[in-house]
Amino acid sequence: MGYNTLMAIMTCLRVKTLTAENGEIEKYDDAQKKRIKVVAPIFKELMGKPVGLLLSMEEYPKTAGGTGWKPVISAVFDKDEFTATEILSKAMKLNC
């Protein structure tokens with residue numbers, strides 16, 4: 001699921017390759033109970049670009065028993081509201 005979502009995001013942003021580089025980001029630290037700055041791999045090709053996410057709620061069993069709900073990405077779309085499948089379909093028609 002994660003790989004497919006990443007590919008959909010890249011398609012919607014018209015990004016063909018990703019290059020990881022270290023950069024400073026903010027991350028929540030549970031021990032300190034606050035946001036801290038850390039160095040982590042970032043992908044500048046994805047930063048600052050508009051992308052839409054359709055979220056849905058998925059049921060899951062909790063380890064302590066019972067049921068919980070979590071948001072999951074159902075679809076990705078670009079600024080013109082085209083999904084990755086629609087973008088690729090349009091590209092295939094243009095190439096034929």
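**Group meeting: a pocket, a hairpin and two loops**

The largest pocket here has a volume of about 190 Å³. Two elements, α1 and α2, each give two or more residues to its lining. Before I go on, please keep in mind that this is a predicted model.

Which residues line the largest pocket? They are Met7, Met10, Thr11, Arg14, Val15, Lys16, Ile87, Leu88 and Ala91. Sorted by class, that lining comes to 6 nonpolar, 1 polar and 2 charged residues.

Let me stay with one name from that list, Arg14. Where is arginine 14 in the chain? Find the loop between α1, residues 2–12, and β1, residues 21–29; arginine 14 is there. Its phi is near 60°, which is a positive value in a residue other than glycine. Is arginine 14 buried or exposed? Its relative accessibility is 51%, and the cut-off for exposed is over 50%, so arginine 14 counts as exposed.

Now a second loop. Glutamate 81 sits between β4, residues 67–77, and α2, residues 84–95. Like arginine 14, glutamate 81 is a non-glycine residue with a positive phi; for glutamate 81 the value is near 70°. Glutamate 81 counts as exposed because its relative accessibility is 61%.

Next, the strands. How many bridges join β3 to β4? There are 10, and the two strands run antiparallel, with β3 covering residues 52–61. To see one bridge on your screen, take methionine 57: its partner in β4 is proline 71. While you look along a strand, remember that in a regular strand the side chains alternate between the two faces of the sheet.

β3 and β4 form a hairpin with 5 residues between the strands. In that hairpin, glycine 65 has a positive phi, near 100°.

Last, the aromatic rings. How many aromatic pairs does the count give? The count is 0. Two rings do have a lysine over the face, though. Lysine 70 lies over the face of tyrosine 60, at 5.7 Å from the ring centre. Tyrosine 60 falls within the β3 range, 52–61, and lysine 70 within the β4 range, 67–77. The other case is lysine 90 over the face of phenylalanine 82, also at 5.7 Å from the ring centre. Here lysine 90 falls in the α2 range, 84–95, while phenylalanine 82 belongs to the loop between β4 and α2.

That is my part. If you want a place to start on your own, find arginine 14, which is in the loop between α1 and β1 and also in the lining of the largest pocket.

How values were computed:
Residues are numbered from 1 along each chain as its sequence is written. This is a predicted model: local features need pLDDT of at least 70, side-chain atom pairs count only at pLDDT 80 or more; totals for chains, interfaces and linings use all residues. Side-chain values use heavy atoms; hydrogens and water are left out. Helices (H or I, at least four residues) and strands (E, at least two) are DSSP runs, numbered from the N terminus. Buried means under 20% relative accessible area, exposed over 50%, partly exposed in between (1.4 Å probe, protein chains only). Rings of Phe, Tyr and Trp (its six-membered ring) pair if their centres lie within 6.5 Å; planes under 30 degrees apart count as stacked, over 60 as edge-to-face and the rest as tilted. A charge sits over a ring if NZ of Lys or CZ of Arg is within 6 Å of the ring centre and within 35 degrees of the ring normal. On a 1 Å grid over the protein atoms alone, a cavity is a set of points where a 1.4 Å probe fits but cannot get out, and a pocket is an open set with protein on both sides within 12 Å along at least five of seven lines; lining residues have an atom within 4 Å of a point. Grid points are joined across faces, edges and corners, and a volume is the space filled by probe spheres set on the points. Ala, Val, Leu, Ile, Met, Phe, Trp, Tyr, Cys and Pro count as nonpolar, Asp, Glu, Lys and Arg as charged, and the others, Gly among them, as polar. Two strands pair if DSSP finds at least two bridges between them.
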